[in-house]
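Visitor: I'm new here, so could you walk me through this one with a few questions and answers?

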Amino acid sequence: MVEIWNSWWFQNTLVGLLVVSGIAVVLRLRRREYWRLAYREVCRRRGAVICFFVLCLYTLVALIDSVGWRDALRDENGELMRDPRTGKVVYDRGGSALDHLLKGISSKKEKTYSSPMSRESFMLESVNRDGKVLRERPPLKHPGAHLLGTDRIGQDVFCQALKSIRTGMVIGILTTLLAVPFALLLGVASGYYGGLVDDILQYICSVLSSIPTVLFIASFMLIFGRGLPQLCLAMGIASWTGLYRLLRGETLRLREEEFVQAAVAMGVPSWRVLLRHIVPNVMHLVLITAVLRFSSEVLAEAALTYLGIGVGSDTISWGTMINDARTELTRDPIIWWKLCTAFAFMLGLVLPANIFGDAVRDALDPRLRTQ
Amino acid sequence: MLAYIVRRILYVIPTLLGVNVLVFVLFFLVNSPDDMARQALGEKNSDPVQVERWKEAHGYDVPLFWNGNASGIGRVTKTVFFTKSLSMMWGDFGKSDMTHESIGDEIVRRALPSLCVTAPIFLATLLINVFLAMLVATARGSVTDRVTQFACVVFMSISTLIYIIAGQYFFAKLLRWTPVSGYLPGLDCWKFLALPILVGVISSLGSGIRLYRTLFLEEINKDYVRTARAKGLPEWQILFLHVLKNAMIPILTNVPLQLLMLMMGNMMLENFFSIPGLGGYTITALNAQDFAIVRSMVFLGSFLYVVGLLLTDICYSLVDPRIRLG
Amino acid sequence: MTEDSSSSSGVDLARKSGFRLRVVLAALLLLFCALCIVLLRGCTNDPWPSGFSSSDTYFTNYSSEFKTFDPAVSYYVHEGEVLDSIVEMPVCYDYLKRPYELVPMLAESVPVPVYYGKSGEVLTGDPPSDAVSRVEYLVRVRRGIKYQPHPCFGVSPDGKGAYAGVDSKSLKAYSSLSEFPVQGTREMTAVDFKVAVTRLCDTRLASPIYSTFASFILGMDECSSLIKAEVARLEQESQSCGIRLESYPVVPDYRTLPLAGFELIDDHTFKLVLSRKYPQAIYWMALHFFSPVPFEALEFYAEPGVVDAGYSFKNWPVGTGAYMMTECKLREGLTLVKNPNFRDEFYPSSGSESDKALGLLADSGKRLPFIERIRFQYERESIPIWIKFLQGYYDTSGIPSDMYDAAVTLETNGDMGLSPEMAAKGMAMTRSVTAISYYLGFNMLDPTVGGLTPEKKKLRQAISIAVDYQEFIDVFMNGRGVPGQSILPPGIYGCVEGEAGVNPFVDQWDAESGKTVRQPLARAKELMVEAGYPNGIGPDGKPLVLYYDASGSSSQSKATFLWLREKMSQLGIVLEERLTDLNRFRDKIRTGQWQLQFTGWVADYPDPENFLFLFCGENGIVATQGRGSNKTNYSSSEYDKVFKRLETMANGPERMALIDEAVKILQEDAPCCWGYHPMSLVLTHGWLKNYKPHHVGKTFMKNLRIESEARTEYQKRENAPVLWPGYLVVLLVLLVGSWRLYVWRS
């Protein structure tokens with residue numbers, strides 16, 4: 001299972017599917033007047049448009065970090081290496097397109113800390129000069145190559161921050177993708193059918209939502225182990241109840257609307273009513289919730305990682321970066337760049353997401369609009 | 001009124017039972033006692049004799065649901081479900097898997113430090129947020145309003161971790177106002193609590209002000225406010241007497257939600273500031289993979305939430321008669 | 001008309017009440033500002049309870065959790081520092097003398113071995129070990145030494161133990177054992193040593209030194225099986241009474257169970273009988289495994305009521321030492337206070353000239369201990385420790401590598417000295433080489449990295465080349481250490497330094513710098529090919545994945561792991577981390593469920609045998625079910641043969657040659673990647689007197705003295721809070737607030 005998840009063909013296919021279906025949804029929505037209006041409303045706000053482009057940039061980085069390939073291994077003479085027994089070509093573990101792009105920087109390892117764009121190491125070292133021992137900063141192996149400095153074991157901080165984008169985006173998007181179908185299906189069914197179905201679903205919802213989210217995620221991760229897929233799954237399960245309640249309420253209201261009543265009176269089967277009349281009319285709520293929640297999921301990752309229930313320590317994320325860097329602030333002299341980089345990159349995603357989310361909400365749901 | 005409260009309390013029981021069953025499913029069916037023993041003993045060390053001994057030592061050696069070997073009521077009571085899961089309903093949390101200490105005692109011991117952090121944060125947050133949101137709401141549409149709203153979004157976009165780290169750096173290291181971390185029982189605790197409380201309040205400012213501002217604006221646009229204005233009532237009276245009173249209803253519903261959010265902040269704060277509270281207990285148990293403690297804390301957390309919700313509903317029904325009659 | 005007047009009065013009313021509101025708001029504003037100022041003025045960063053910092057208390061900390069203070073089980077340095085202040089041993093090391101010298105503690109004199117030959121004749125001099133068939137140590141215990149006050153010695157009017165059959169509910173009212181109303185004491189006798197040594201044979205305790213002791217003390221194995229039988233009998237008895245054995249383990253009477261190696265002569269004399277020549281036995285008598293255990297204590301801690309109230313021997317040890325435990329919260333802190341029954345002991349009066357110069361002899365002949373109370377505080381991270389040390393709330397501190405450049409300057413001759421800023425604060429730095437070896441161990445039982453086939457040896461050698469500990473020392477320790485060539489640290493007999501000591505399989509001598517350096521990476525890659533992993537790709541066509549087992553997850557340990565992973569990846573090896581908590585980690589080690597771990601060994605006594613025995617096959621931790629100390633489970637008959645010969649030999653050229661041979665075997669087999677030997681730099685504040693690091697003995701706390709006035713003064717000076725930003729903010733709030741109020745009015 002994990003093998004398949006980690007294999008590149010699976011990831012490439014998944015990313016391809018996601019992109020294609022995303023484009024298809026956008027094309028479909030463009031045909032509808034309601035969404036076109038909303039689009040124009042969002043476009044009217046300059047801030048929102050800028051934020052949208054920032055988000056696109058992040059998504060792009062995440063995408064090229066999600067597709068990848070494996071290279072064949074070569075020995076010193078440039079010959080392809082083959083398995084001595086089977087004669088098959090041997091491949092390395094592979095890397096994403098971003099890994100290949102960044103190879104130039106990420107392979108430039110230093111010994112330890114160096115400040116941004118520095119030409120010399122940050123740490124003093126003992127140097128023997130003319131029989132005297134001095135402590136001075138030795139020159140770096142790759143002076144000026146590290147835009148945002150290097151960390152304790154000499155890894156480029158900028159590369160780490162870029163690699164963290166994918167983790168953040170995966171958590172934000174996958175969690176929503178897992179929670180939305182559940183919430184949509186159950187919420188609409190619960191509101192439309194009412195009766196026993198509604199009672200049972202409501203009960204399940206109230207049970208699930210009374211477990212504090214952190215504790216639920218914590219026990220989930222404890223039982224299924226730490227990792228990105230597990231985290232997304234746990235957060236998805238923990239977060240569908242809010243949207244479910246919202247959709248149930250909206251469906252209850254829509255059920256009484258004349259156009260739904262008319263459809264029912266004309267003998268349209270209930271699944272068709274749901275699909276053609278109810279679901280399209282609650283989609284704006286789904287979108288608003290998804291966009292607004294995106295940022296909180298990204299933030300939650302950092303907190304959960306600190307608590308030891310987030311992604312494992314072998315996955316680079318802003319949470320792990322902040323967690324590593326927090327003691328560096330008390331160093332003397334202070335080392336600020338790793339913490340600040342993680343903070344800035346995270347803010348760079350979350351802030352536009354929040355602003356854009358506000359704009360989308362205002363555009364789609366005038367009732368909720370704040371002045 | 002009494003009938004409503006009784007009905008509401010009765011509804012708590014099936015919810016808690018549901019939580020109990022869910023916890024049981026997660027901790028005993030998905031991850032069976034055998035798995036637990038294997039995890040505790042080491043992955044490859046699944047020598048069946050050792051697994052049995054571990055289970056016996058920790059009281060997991062009985063069947064999950066139905067004990068055919070026992071007689072009478074023991075068929076139900078001598079089961080893992082009854083002794084390990086259902087017993088939590090009446091406050092019997094059992095013993096830790098690792099240290100064999102009584103979890104109930106530990107919860108009682110740690111409840112006070114936790115409360116000392118959570119309660120002031122909760123109260124201060126509510127007061128400050130309502131007050132500031134009120135100020136912003138009076139200046140709606142102005143530059144101040146827009147700047148504040150943007151500032152709120154920025155505040156919301158910053159991770160709690162950053163608040164804590166920055167708070168420790170500025171207040172403890174640079175300004176030397178408080179100790180970096182630690183805790184002492186008794187009255188001495190205030191110097192340790194000041195910083196976590198401050199950080200807790202600041203980190204909730206962004207979302208708090210935004211939420212309350214929306215609530216106030218919704219109220220301000222209502223007809224009765226227009227009537228009051230038309231009557232010539234002074235603005236402050238409208239705001240503080242009429243709007244606040246009505247806006248407090250949705251704020252009240254927010255109380256258990258807030259408590260829930262504080263659990264999360266609590267864990268972080270307690271862990272960062274080394275406060276021996278319930279959050280820190282959970283984190284230690286998580287890192288030690290102590291299933292018994294995590295199980296108990298999940299149930300305790302849900303219990304608190306359900307009770308919080310119940311209290312809110314009762315308060316709500318006191319304020320708004322439509323609820324209990326409807 | 002009427003309408004008009006009413007409306008005007010309404011406006012008037014509004015204006016009036018508006019005024020009233022403004023007054024209320026202004027009052028609130030003032031109150032808020034006043035409150036802020038009061039809070040600001042009350043600011044303090046003193047982490048101790050009020051009055052504590054100025055009292056005669058020594059503040060120290062621990063960052064690894066304590067598992068046990070049971071003298072038969074505890075074997076970690078940080079546990080030893082606490083335990084050895086509470087319990088005492090027959091002999092101990094002199095506090096000041098270097099090289100380390102044993103002096104009597106509970107014994108009247110340092111016992112000397114008497115060797116007996118095959119026919120029972122007394123052998124003189126240093127007889128060869130195969131001529132010796134029996135060794136005796138006669139230990140005379142001092143008279144009149146009393147135990148600390150403890151409820152286990154309390155006697156009820158009817159002559160029984162005061163707490164026999166006690167109910168746990170009545171005990172829950174007390175937060176500590178020292179609060180129990182009935183306390184008592186009694187004189188320590190030779191029987192208590194019998195209990196201590198016999199207890200080691202109890203398999204339930206899994207004492208870590210059992211196998212070592214059983215190899216030289218007569219009749220330990222027989223005693224062990226006797227105890228097993230006795231325990232089974234007692235368990236059956238208590239099971240029939242319906243007592244849960246898991247919660248209330250039975251206590252066999254260790255006083256009467258026969259142990260051939262321990263002869264009780266009278267109340268104050270006992271004889272320790274060894275089955276073979278083993279001169280290191282005397283060093284073991286300086287460790288807490290030999291500290292007397294009163295049987296009353298074991299009975300007391302077995303009382304179901306006491307167990308239920310949460311007291312156990314492993315948390316509340318009982319001893320004759322200078323201090324006794326009064327508070328034990330393992331995840332918060334421990335408090336030790338002076339033992340009122342402590343015997344007359346005086347600060348040593350003989351020391352070297354340098355000791356005299358350092359003022360270490362100023363207190364000669366004064367009664368010990370000096371300090372009233374010791375506080376061990378649990379601190380998970382190094383940074384708060386350092387900050388609190390600078391603030392004067394801790395009395396000593398190591399130097400976290402993060403703070404190295406701030407604390408240490410390098411003198412022109414390359415020696416490390418205290419930086420002027422620190423010296424100005426009155427601190428002192430003590431520098432010493434420790435007898436510690438850290439290494440990256442391979443689990444020799446593991447199918448991937450273990451085994452003694454040539455391929456596996458080469459794999460381990462290749463990894464050893466790639467993992468360059470000189471770089472580790474530079475990156476993580478600011479160069480405070482020496483990369484290891486073998487398990488023996490410098491200063492221990494048998495350790496060869498310089499070119500002759502280079503590990504030929506991993507390192508080479510760099511004549512230019514006069515240092516050993518790792519062999520080039522190309523060599524490691526060659527070795528990988530020979531080991532069957534060209535470029536890290538195994539026979540199955542997949543990269544070799546190794547697991548690094550560790551406990552805890554501080555950022556330091558994570559950085560270490562990342563560094564290791566980076567080094568391994570040079571060979572194409574993928575390293576993954578498996579984290580668990582300390583207790584489970586120990587279980588993993590005990591059962592051999594690990595692959596790679598970073599671990600260390602601190603000398604119990606200054607003899608190479610204490611390091612080389614770590615690789616003796618019969619000490620294998622899995623083979624002995626957790627009782628051995630050979631964590632790597634290395635077992636080679638060739639090595640064992642050499643080790644057995646050098647083990648008991650007196651130092652000399654013959655032993656030196658054997659040690660060389662043993663070291664060479666280890667270097668070739670590479671059961672671990674030899675890590676480094678750290679150098680210890682300890683900073684002490686000026687008010688802490690009589691501090692001299694002792695890397696073998698741990699009973700140093702009683703010798704320390706604190707000048708608490710100087711400390712209080714320093715704390716006041718260094719911790720004055722910077723209040724002006726606070727005042728500024730209050731002022732701003734006041735200004736903005738009053739401006740708003742003013743604007744509102746107009």
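Guide: Happy to. A residue counts as buried when its relative accessible area is under 20%. Keep in mind that this is a predicted model.

Visitor: What share of the residues of chain B count as buried?

Guide: Chain B has 326 residues, and its C-alpha atoms fill a box of roughly 80 × 55 × 35 Å along the principal axes. Going by that cut-off of under 20%, the buried share of chain B is 51%.

Visitor: How many helices and strands does chain B have?

Guide: Read from the N terminus, the elements of chain B run α-α-α-α-α-α-α-α-α-α-α-α-α-α. That leaves the strand count at zero, and the helix count at 14.

Visitor: Which residues form the salt bridge between chain B and chain A?

Guide: The count between these two chains is one salt bridge. Its closest N and O atoms are 2.7 Å apart. The partners are Arg210(B) and Asp358(A).

Visitor: Which helix of chain B gives the largest share of the side that touches chain A?

Guide: Several helices supply at least two residues each, including helix 9 (190–220) and helix 11 (235–272). The largest share is ten residues, and it comes from helix 1.

Visitor: How many residues on that side of chain B are nonpolar?

Guide: Chain B brings 51 residues to the contact, and chain A brings 40. On the chain B side, four are charged and 15 are polar, while the nonpolar ones number 32.

Visitor: What area is buried between chain B and chain A?

Guide: Carbon and sulfur atoms give 77% of this area. The total buried between the two chains is about 4,100 Å².

Terms used: Residues numbered from 1 in each chain as written. Chains lettered and ligands numbered in written order. Predicted model: local features only at pLDDT ≥ 70, side-chain atom pairs only at ≥ 80, totals over all residues. Heavy atoms only, no water. Contact = heavy atoms within 4.5 Å. Buried area = accessible area lost by both parts, 1.4 Å probe. Salt bridge = Lys/Arg side-chain N within 4 Å of Asp/Glu carboxyl O. Helix = DSSP H or I, 4+ residues; strand = E, 2+ residues; numbered from the N terminus. Nonpolar A, V, L, I, M, F, W, Y, C, P; charged D, E, K, R; others polar. Buried < 20%, exposed > 50% of the residue type's maximum accessible area, 1.4 Å probe, protein only.
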